[in-house]
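This report goes from selected residues to the whole chain and then to backbone geometry. The sequence and model come first.

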Amino acid sequence: KDYSFYDDIIRSAKKTLDIEIYDITYNDIKKALRELAQDWVKQQIITEKTKYKQSGNTFDDLKQQMDISGINLKSDEWLKIKYLHSKFLIIDNSKFIIQTANFTYSSFFKNNEAFFVSQDKDILKSLKYIFDSDRKGNKLSEYSIHPNLLVCELDCRTKLENILNSAQKSIYIMHQNLEDSKIIDILKNKSNLDFKAILAENDENKKDIDTFGKDKIKLISKPYNHIKSILVDDKYLIIWSMNLTQNSMDNNREISIVLTDQNLIEQYKKFFEKSWK
């Protein structure tokens, strides 16, 4: 329920701001981007052309609102994907954010979301390669992408399945959806481990209670669970844009990062346990 921390990060841009995100509707963010452009911050933005179950807030509406010198807005219509659902920013080619949140009011005031901010040069280089390739509509090469990044529809499924199959002790999931049949099969095979999943309350996720039991699955309605994350064996923490659905993993552009920093993992685990209770 706080946007100020994010406003500070965005407004820290001095020269350039590259944004690849599914949805931009929050007026305060639009205002910040326009004001940055007036301060000579060059912006390149890629966003989804036709959103799922879209009613209003079209790409053409956004283009009209952001029609200002210094902002170059482009849709994903050149990419051979279902939806551009990734959510990341590159600030001054020196700092980046990978997040679960869209640029919406709900993301900052109603949802559970996660934001990872870093200056890691190797990850930054890969994100810049992904952004520039998506902007041009070029096919991605997994050999040009850092191994700690999972990119859909490129290699995210294989990497995620490998991480889940490697689990020896625990799997904690905090997610909007858990619907993909292949992922569910892997989790059923790992159900003897310390497995817990916190999901958004909806009809699809209610089926997971039947599959795994009430002691393994908890559904929450408030705050809305839009966060997308998995912790495996207290070793691998994955933060991403994708849902655990077949369409998201196999057809969309999604960006995920695998974190191994123990301080971050401990912070996440405390948050998960508090949310579970």
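Contact here means heavy atoms within 4.5 Å. The model is a predicted one.

**S107 and K51**

Leaving aside residues up to four places away in sequence, S107 touches A101, N102 and E113. S107 itself sits in helix α4, which covers residues 105-109. One of the listed partners, N102, also takes part in a polar pairing: its backbone oxygen is reached by the side chain of S107 at 3.0 Å. Is S107 buried or exposed? S107 has a relative accessibility of 5%, and buried means under 20%, so S107 counts as buried.

K51 belongs to a loop, the one between β2 (42-47) and α3 (59-65). Its relative accessibility is 12%, and K51 counts as buried. Which side chain forms a polar contact of 2.6 Å with the side chain of K51? That partner is D23. A polar atom of the K51 side chain also lies 2.9 Å from the backbone oxygen of N57. The contacts of K51, again without residues up to four places away in sequence, are Y22, D23, T25, N57 and Y83. D23 and N57 are thus named both among these contacts and as polar partners, D23 through its side chain and N57 through its backbone oxygen.

**I238 and L124**

I238 is a residue of strand β14. Its relative accessible area is 0%, and I238 is buried. Not counting residues up to four places away in sequence, I238 touches L160, I163, K228, S229, I230, S256, I257 and V258. Among these, L160 and I163 have numbers that fall in the range of α6 (156-165), and S229 and I230 have numbers that fall in the range of β13 (229-232). The C-alpha atom of I238 is separated from that of D132 by 24 Å, and the two residues are 106 apart along the chain.

L124 is in helix α5, residues 121-136. With a relative accessible area of 10%, L124 is buried. Its contacts, under the exclusion of residues up to four places away in sequence, are I90, N93, S94, K95 and F96. The C-alpha atoms of L124 and I90 are separated by 7.6 Å, with their positions 34 residues apart along the chain.

**The chain as a whole**

How many helices and strands does the secondary structure of the protein chain come to? There are 10 helices and 15 strands. The radius of gyration is 18 Å, close to the 19 Å that the globule rule gives for 277 residues, so the chain is as compact as a globular protein of that length. Along its principal axes, the C-alpha trace spans about 55 × 40 × 35 Å.

Of the 277 residues, 53% count as buried. The area that the chain exposes is about 13,300 Å², and carbon and sulfur atoms supply 45% of it. Among contacts between residues at least 6 apart in sequence, 69% join residues at least 24 apart. The chain carries 44 positive and 42 negative charges, and the mean positions of the two sets are 1 Å apart.

**Backbone geometry**

Most residues other than glycine have a negative phi, and most peptide bonds are trans. The table lists entries that depart from this pattern.

| Site | Feature | Angle |
|---|---|---|
| C152 and E153 | cis peptide bond | omega about 5° |
| K222 and P223 | cis peptide bond | omega about -10° |
| D92 | positive phi | phi near 55° |
| D234 | positive phi | phi about 55° |

Where are these sites located? E153 is in the loop between β8 (149-152) and α6 (156-165). P223 is in the loop between β11 (217-220) and β12 (224-225).

D92 is placed in the loop between β4 (87-91) and β5 (95-99). D92 has a relative accessible area of 22% and is partly exposed. D234 lies in the loop between β13 (229-232) and β14 (236-240). At 21% relative accessibility, D234 counts as partly exposed.

Key
Residues numbered from 1 in each chain as written. Predicted model: local features only at pLDDT ≥ 70, side-chain atom pairs only at ≥ 80, totals over all residues. Heavy atoms only, no water. Helix = DSSP H or I, 4+ residues; strand = E, 2+ residues; numbered from the N terminus. Rg over C-alpha atoms; globule rule 2.2 N^0.38 Å. Buried < 20%, exposed > 50% of the residue type's maximum accessible area, 1.4 Å probe, protein only. Areas by Shrake-Rupley, 256 points an atom, 1.4 Å probe, with all protein chains shown as cover. Lys, Arg positive; Asp, Glu negative; His and termini not counted. Charge placed at Lys NZ, Arg CZ, Asp CG, Glu CD. Polar contact = N/O pair within 3.5 Å; in protein donor to acceptor, adjacent residues only side chain to side chain.
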